[in-house]
Amino acid sequence: MKSPLEVNKFCSYYHYHLGKEYFFAGHCHKSWEINIIVKGALRFTYDDRVVTLRKNMLVICENDVFHRNCVWSDHGAEIYVYQFYTDHIPHSEKPRVYELDEKNLLLAKLIAEEAEKNAVATKPEGLHCANLNYQAHSLLELLLIRLTENERALEFEISSDEKIYRAAVNYMKENITENICINDIAKLCHVGPTKMKNVFSQFTGEAIMTHFYNMKINEAKKLLENGMTVGEVSDTLGYSSQAYFTTCFKKITGVSPKEYKRGA
């Protein structure tokens with residue numbers, strides 16, 4: 001019988017040992033990703049949500065969703081990271097965070113053991129494997145099935161700063177086709193520009209308008225992949241000219257919109 005959840009393609013496995021000063025600025029990509037906290041804790045930003053991940057927790061990240069993390073422990077952290085493609089996990093508006101029970105912890109360790117049979121050293125200090133063997137691939141599917149079908153994702157209280165961050169991100173999403181500024185965002189969130197800057201620095205590690213421009217380019221990629229011309233994307237996203245859009249796109253992605261479209 002066909003599995004109710006399949007990992008269509010496996011991309012990468014990482015096993016990291018992270019120092020207490022570790023900070024990852026974040027990214028979004030086409031593949032799905034899971035992070036398993038083996039030791040320590042991470043402050044994890046996922047789209048418009050912020051959660052603290054502690055030992056024996058797992059988070060599932062959907063494709064094309066911005067996420068970043070930093071170590072949230074004086075003793076550093078140890079994590080497993082898996083990136084893969086699947087069409088069988090339904091969309092969720094919030095991060096799926098689980099606290100692993102003994103059986104699923106053992107399963108996670110077995111997957112890592114199998115993955116590390118073909119792993120090589122990487123930086124930060126850790127291991128990387130580009131291909132899972134059959135056993136690890138099957139066990140990863142089993143873990144995802146157990147989590148998504150049998151375990152309830154954890155719920156988290158949110159702080160006042162997190163509420164500001166969520167409101168700002170959602171406002172930027174709703175106005176992705178406009179040319180908004182930090183004052184517009186701060187006013188919507190009922191705070192001053194300085195407070196707004198500090199909140200974004202805390203949760204994303206980058207300037208608020210840089211975050212918005214990156215959101216625009218990510219949206220541009222989707223529109224190009226869906227068949228829009230470069231000119232149509234430029235107009236849709238509110239750029240002053242196609243030439244300016246091309247300059248902004250290449251600055252962030254390293255390729256022009258036409259080159260990206262040809263490779264999509």
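1. Let me start with helix 6: with seven residues, this helix gives the most to the lining of the largest pocket. Bear in mind that we are looking at a predicted model.

2. How big is that pocket? The largest pocket comes out at a volume of about 480 Å³. Its lining counts 21 residues, and those closest to the centre are C28, F66, N214, M215 and N218. Besides helix 6 (208-225), the elements that give two or more residues to this lining are strand 2 (23-27), helix 3 (160-174) and helix 8 (242-253).

3. On chemistry, the lining of the largest pocket is a mixed bag: eight nonpolar residues, six polar and seven charged. If you're setting up anything there, that's the split to have in mind.

4. Now the runner-up. The second largest pocket has a volume of about 270 Å³. Its lining is made of 14 residues, with Y213, K216, Y239, Y244 and C248 nearest the centre.

5. Which helix supplies the largest share of the lining of the second largest pocket? That would be helix 8, with five residues. Helix 6 and helix 8 each supply at least two residues here, and both also appear among the elements that give two or more residues to the lining of the largest pocket.

6. By class, the second largest pocket's lining divides into eight nonpolar, four polar and two charged residues. For the largest pocket, the nonpolar count is eight too, while its charged count is seven.

Notes
Residues numbered from 1 in each chain as written. Predicted model: local features only at pLDDT ≥ 70, side-chain atom pairs only at ≥ 80, totals over all residues. Heavy atoms only, no water. 1 Å grid on protein atoms, 1.4 Å probe; cavity = no way out; pocket = protein on both sides within 12 Å on 5 of 7 lines; lining within 4 Å. Points joined across faces, edges and corners; volume = space filled by probe spheres on them. Helix = DSSP H or I, 4+ residues; strand = E, 2+ residues; numbered from the N terminus. Nonpolar A, V, L, I, M, F, W, Y, C, P; charged D, E, K, R; others polar.
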